[in-house]
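Please work through the exercises below with the sequence and the model side by side. Each task is followed by a solution that goes step by step.

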Amino acid sequence: MDPDHARVSRAIRTIALCAAHGRTTRGTRILDHFMPLVARHDLTPPVVSAWFAAMAALRLVAGDHSGAIDAADRSEMAARGLSPAESRDPLLLVDACRVVAAVTAGDTSGAREALQRLNAGAEPMSMPARWFVRWARLTAAFPPGRTSRASGASPPWWPQTAPGERGIWLPLVLLDALARAEDGTRDSVRDRLARLRCHCSAAGRTALVAEIDLILAGLGCREDGEDVVAGLRVAFDAVRTHGCRFVSRGHVRLWQRLCTIALSVDVARDVVNDAIERFSWPAPGLHVKAWPWPVRVRTLGEFSIERDGEPVKFAGKQPRRPLALLKAIIAFGGSRVALVGIARSLWGSDDRNALRALEVALLRLRRLLGRHDALVVQDGQISVNDAVCWVDALAFDRALADVVVPGMSRSDDTARRVLDLYRGDFLPVDPDASWAVAARERWHNAFSALVHDIAAGHEAAGAWEAAIALYERGISSDALCEAFYEGQMRCYLALDRPSEGLEVYSRLRRTLSAAFATAPRARTEATAEALRARGGLPAPARSPLV
């Protein structure tokens, strides 16, 4: 056999299995990898028919029904003229896809016609084809929107055998329900999953019951409240007890939402982290700090690198150039940074020798991080892969855009998350690096402005203690910002605690005197005068500034 035919045949089997098990991410990756080979080579009609049948199955499980129908048409076209043995599995797979797609679209006549062809055909030989045929029959028996039969009774064609035999259809019905959830029909999906749960329980599929409970909790994650957290806790406890096959692991967005909620409330962290590692679910974004990132880089207030939760330690001398390269990439924004610009900043030139040195430093840096895909190079530009590598400065930069205007309902949680990311100035260990100055100033100014805006919002709402705490956070970050001291003084004046307000004023005066040999501005002096008047204290004699 032609080696290319053999490779494509193996890929077809793998794609079909990925579809049957719901591993749409892996199946799509294999599909995209082999698509140029299929288009370039003159493959035999049986291979072409099987290829598009597997593509139709994968598209259907992923929720792309129009793409599934298009692939099914191409599979049928390639199967014309083939013997029954050659076309049996592809055509059965195609008819099964047509049944599910027609039932989902409400096309009763189309579903009936495809189901008749399906029932008239020979029994499929391959496992994926058997699964899809049974899924199609079950979907036709329980279409969306139909009320469940009494006590969840089985359709006439359901075999009356051992409970374990019944359950072979259940995973694919679960995937079908989730495909509908992606379309936004959440209420009907909840009802369908609840009925499916009854069948799984009757079939003795405890692991699948636990997974459905998790999904039902996940579908309610957008509804705030303790009930959602309690449901997740109970469901994850069941997963820990009975196990979970994660049939729906290909629905990455659902599991990202589930894992994010669970990690944020510290529910079953061990189970969640294990599942994320097993199935390589990418993080939904840099805002999920609790995600088990393969690589973590901290640059605000300190510089450190973690691999799989463990700090990277150097036995001898630190690799200066690779670390400088990483810092420079982050300083320039972490995304689509020109390699030529980095070479000029770190090596003072962009000639061949400098670019060669940069390539060597990049190779060493990837080895240091332990992940080749942590840094992506394309078209002469380099980016931090935010699906693999979490960087506190980049997370802070992107979270700034999500801060809601103070006074709106969601501002407190969002702003607190942003403020918690900023633990100090950018790269304090490299104060003389010219390429880091602009980023350091930008993030420092953004943090100071955010603190001031949120604290001013607290003042306007009369939340004086919260405003004092925020102003103190600002002072610890920027001891020379007079607006923070003045804000604290105003809060103490409103709380009728003049002595504490005057202590803040004295601290400001000492700081300005030591740093600039200047006095506070007139507005701050007026606030101090009001504090003295409130406390009945005389104005102090002015000592000369040192």
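The exercises that follow concern a predicted model, and they take up sheets, helix pairs and a pocket.

**Exercise 1. Establish the strand order of the four-stranded sheet, and say which strands stand at its edges.**

Step 1. Begin with strand 1 (residues 295-298) and strand 2 (residues 304-307), which pair in the antiparallel sense over four bridges; within this pairing, V295 has R307 of strand 2 as its bridge partner.

Step 2. Go on from strand 2 to strand 3 (residues 310-311), to which strand 2 is joined by two bridges, again in an antiparallel arrangement. Here R307 stands opposite E310 in strand 3, while R307 is also the bridge partner of V295.

Step 3. Return to strand 1 and follow its pairing with strand 7, where three bridges join two strands that run parallel; R296 stands opposite W390 in strand 7.

Step 4. Put the pairings together: the four strands make an open sheet in the order 3-2-1-7, and the pairing is mixed. Strand 3 and strand 7 (389-391) each have a single partner strand, so each of these edge strands has one side without a neighbour in the sheet.

**Exercise 2. Describe the two hairpins that involve strand 2, and name a turn residue with positive phi in each.**

Step 1. Between strand 1 and strand 2, which form a hairpin, there are five residues, and in this turn G301 has a positive phi of about 85°.

Step 2. Between strand 2 and strand 3, which also form a hairpin, there are two residues, and the turn residue D308 has a positive phi of about 50°.

**Exercise 3. Work out the order and the pairing sense of the three-stranded sheet.**

Step 1. Take strand 5 and strand 6 (residues 381-384), which are joined by four bridges and run antiparallel; in this pairing, the partner of V377 in strand 6 is I382. Strand 5 and strand 6 form a hairpin with two residues between them, and D379 in the turn has a positive phi of about 55°.

Step 2. Add strand 4, which is joined to strand 6 by two bridges and runs antiparallel to strand 6; A338 has Q381 of strand 6 as its bridge partner.

Step 3. The result is an open sheet in the order 4-6-5 with antiparallel pairing, in which strand 4 (337-338) and strand 5 (375-378) are the edge strands, each pairing on one side only.

**Exercise 4. Characterise the packing of helix 5 with helix 6, and then of helix 22 with helix 23, by angle, axis distance and handedness.**

Step 1. For helix 5 (residues 84-105) and helix 6 (residues 108-120), the packing angle is about 155° and the axes are 8 Å apart. Because angles over 145 degrees count as roughly antiparallel, helix 5 is placed in that class relative to helix 6. The crossing of this pair is left-handed.

Step 2. For helix 22 (residues 482-494) and helix 23 (residues 498-516), the axes come within 8 Å and cross at roughly 165°. Helix 22 and helix 23 are therefore roughly antiparallel to each other, and helix 22 passes helix 23 in a left-handed crossing.

**Exercise 5. Describe the second largest pocket by its volume, its lining and the classes of its lining residues.**

Step 1. The volume of the second largest pocket is about 690 Å³. Its lining comprises 27 residues, of which I276, E277, F279, S280 and W281 are the closest to the centre of the pocket.

Step 2. Assign the lining to elements: helix 2 (24-40) and helix 14 (269-279) are those that give two or more residues to it, and helix 14 supplies the largest share, six residues.

Step 3. Sort the lining by class, which gives twelve nonpolar, six polar and nine charged residues.

Technical notes:
Residues are numbered from 1 along each chain as its sequence is written. This is a predicted model: local features need pLDDT of at least 70, side-chain atom pairs count only at pLDDT 80 or more; totals for chains, interfaces and linings use all residues. Side-chain values use heavy atoms; hydrogens and water are left out. On a 1 Å grid over the protein atoms alone, a cavity is a set of points where a 1.4 Å probe fits but cannot get out, and a pocket is an open set with protein on both sides within 12 Å along at least five of seven lines; lining residues have an atom within 4 Å of a point. Grid points are joined across faces, edges and corners, and a volume is the space filled by probe spheres set on the points. Ala, Val, Leu, Ile, Met, Phe, Trp, Tyr, Cys and Pro count as nonpolar, Asp, Glu, Lys and Arg as charged, and the others, Gly among them, as polar. Two strands pair if DSSP finds at least two bridges between them. Axes are lines fitted to C-alpha atoms, for helices over the stretch in contact, and angles run from 0 to 180 degrees between N-to-C directions. Angles under 35 degrees count as roughly parallel, over 145 as roughly antiparallel, 65 to 115 as roughly perpendicular and the rest as oblique. A crossing is left-handed if the near helix is turned anticlockwise from the far one by less than a right angle, and right-handed if clockwise.
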